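Trainee: I am new to this structure and would be grateful for a close look at a single part of the model. Could you begin with the helix that interests you and then follow its surroundings?

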Amino acid sequence: MSRKLNRCYNIARLRERASKRLPAPMFHYIDGAAGDEWTMNRNTQAFDAYELVPRYLVDVSKIDLSTSVFGQPIDWPVFCSPTAMNRLFHHEGECAVARAAADEGTMYSLSSISTASIEEVAEVFEGPKLFQIYVFKDRGIDREFIRRCKDAGYAALALTVDVPTAGNRERDLDTGMTVPPRLTLMSLLDIAMHPRWVWNHLTKRPIELANVRDRVSNDLTTLSQFFSDQLDRSVTWDDAASMIDEWGGPFAIKGILSAADATRAAEIGASAVIISNHGGRQLDTAPAPIEVLKEVVDAVGDRCEVILEGGVRRGVHVMKALALGAKACSVGRPYLFGLAAGGEAGAKKALNILRTDLERDMTLVGCRNVNEIDSRVIRDVPVWPVSRR
């Protein structure tokens with residue numbers, strides 16, 4: 001690990017390093033969100049509404065972080081969310097993140113819109129894998145993905161339901177990271193100022209959306225447009241139920257933000273719900289996942305696993321989510337910042353930061369295993385009275 005990477009003590013430092021190593025269009029594609037980015041910022045800030053209450057004189061000489069998700073054992077209650085087009089941020093892409101997940105003992109999730117295929121990831125990662133899927137207009141694509149995931153040994157499927165259309169990502173409009181790309185003169189100059197990224201882009205194998213490489217011409221713009229055109233706005237709960245039946249294994253509905261939708265997901269046979277607002281990249285002013293977590297757990301926590309995705313940057317965030325009833329958390333931006341900052345070593349650094357942070361926080365709170373992280377160690381932050389002078 002490089003000296004600079006080793007000095008990244010938290011996710012914020014990895015983000016800073018990523019911003020220096022990536023051309024602006026690619027960095028802002030990771031870092032940005034929809035509209036005024038209120039929801040993206042709220043995702044992390046909302047954790048501040050809760051305090052952790054430590055319990056002392058507990059033997060914390062041994063801390064056990066292990067748990068399970070989708071029936072799969074993992075070493076700690078955080079796993080990698082699916083994120084798109086990782087090779088835009090580092091030439092090793094998804095395979096580097098998958099290897100980092102293996103080293104850190106957790107699950108890896110692959111996006112449909114990935115630059116490594118279902119089979120390529122399975123070759124480098126033997127641990128528990130989840131594949132993220134959409135309902136496409138051409139249902140044959142979904143059937144093909146499901147068959148390939150079964151053949152490659154994926155443990156679970158997650159249907160993302162919060163993308164009937166792309167969100168208003170204004171940073172991408174500014175930098176030209178659109179479909180098709182419309183790079184500005186300043187964006188092109190910024191790319192030229194990052195010769196290492198340009199060299200890797202020119203000398204490594206071409207970037208492609210690997211899971212549909214056989215369906216359309218091998219051109220990233222054409223492939224991206226293909227995916228965009230295939231998103232089906234007419235999708236209903238019946239479509240989700242049919243996909244659950246066809247998969248026949250652990251299945252999550254991803255993008256849940258209400259108890260009502262969580263209840264419907266459980267009723268159609270989902271084994272998990274992932275509370276998520278797509279990192280704030282879809283509907284701005286949507287609630288932060290941590291804000292709706294308790295009501296979702298109260299509604300379906302006895303019927304399916306509840307996973308929180310969004311805003312996790314510290315171990316205390318994971319602890320607060322678990323204390324409110326989440327089975328685990330998943331993260332996307334943290335490992336993407338790490339990937340951009342230093343490839344596989346950077347992605348591993350991001351995961352290790354969170355894992356080390358969580359273990360330390362469990363020790364300080366007096367929780368010897370994840371089952372002891374419950375409502376007894378959390379409280380709402382009291383509303384402080386406004387001083388009157």
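Mentor: A contact here means heavy atoms within 4.5 Å. The model is a predicted one, and the part I have chosen is helix 2, which spans residues 11–21. Which residues of helix 2 are buried? They are Ile11, Leu14, Arg17 and Ala18. Viewed down the axis of helix 2, these buried residues fall within an arc of 115 degrees, so they line one face of the helix. The cover over them includes helix 1 (3–6), helix 3 (24–31) and helix 16.

Let us follow the charged side chains next. Side chains of opposite charge can pair when their charged atoms come close. Arg15, Asp31, Glu37 and Arg171 are linked in a network of salt bridges. Within this network, Arg171 pairs with Glu37, and their closest N and O atoms are 2.8 Å apart. Arg171 belongs to helix 8 (residues 170–175), while Glu37 sits in the loop between helix 3 and helix 4 (38–45), so the pair ties together parts that are 134 residues apart in sequence. Are these two residues buried or exposed? Both Arg171 and Glu37 are buried.

Helix 16, already named as part of the cover of helix 2, deserves attention in its own right. Glu344 forms a salt bridge with Arg99, the closest N and O atoms lying 2.7 Å apart. This pair links distant parts of the chain, for Glu344 is in helix 16 and Arg99 is in helix 5 (residues 93–103), 245 residues apart. Glu344 is partly exposed, with a relative accessible area of 24%. Arg99 likewise counts as partly exposed, at 27% relative accessibility. In total, the structure holds 22 salt bridges.

A further aspect of helix 16 concerns the nonpolar interior. The largest nonpolar core has 112 residues, and those with the most contacts inside it are Ile290 and Leu293. Helix 16 (residues 333–365) gives the most to this core, with 14 residues. Apart from the largest core lies another, of 13 residues, among them Ile74, Ala158, Ala252 and Ala328. Returning to Leu293, its contacts, not counting residues up to four places away in sequence, are Ile275, Val306, Leu308, Ala321, Leu324 and Ala326.

To conclude, helix 2 has its buried residues along one face, and helix 16 is included in what covers those residues.

Technical notes
Residues are numbered from 1 along each chain as its sequence is written. This is a predicted model: local features need pLDDT of at least 70, side-chain atom pairs count only at pLDDT 80 or more; totals for chains, interfaces and linings use all residues. Side-chain values use heavy atoms; hydrogens and water are left out. A nonpolar core is a set of buried Ala, Val, Leu, Ile, Met, Phe, Trp, Tyr and Cys residues joined through side-chain atoms within 4.5 Å. Buried means under 20% relative accessible area, exposed over 50%, partly exposed in between (1.4 Å probe, protein chains only). Helices (H or I, at least four residues) and strands (E, at least two) are DSSP runs, numbered from the N terminus. The arc is that of the directions from the helix axis to the C-beta atoms. A salt bridge is a side-chain nitrogen of Lys or Arg within 4 Å of a carboxyl oxygen of Asp or Glu.
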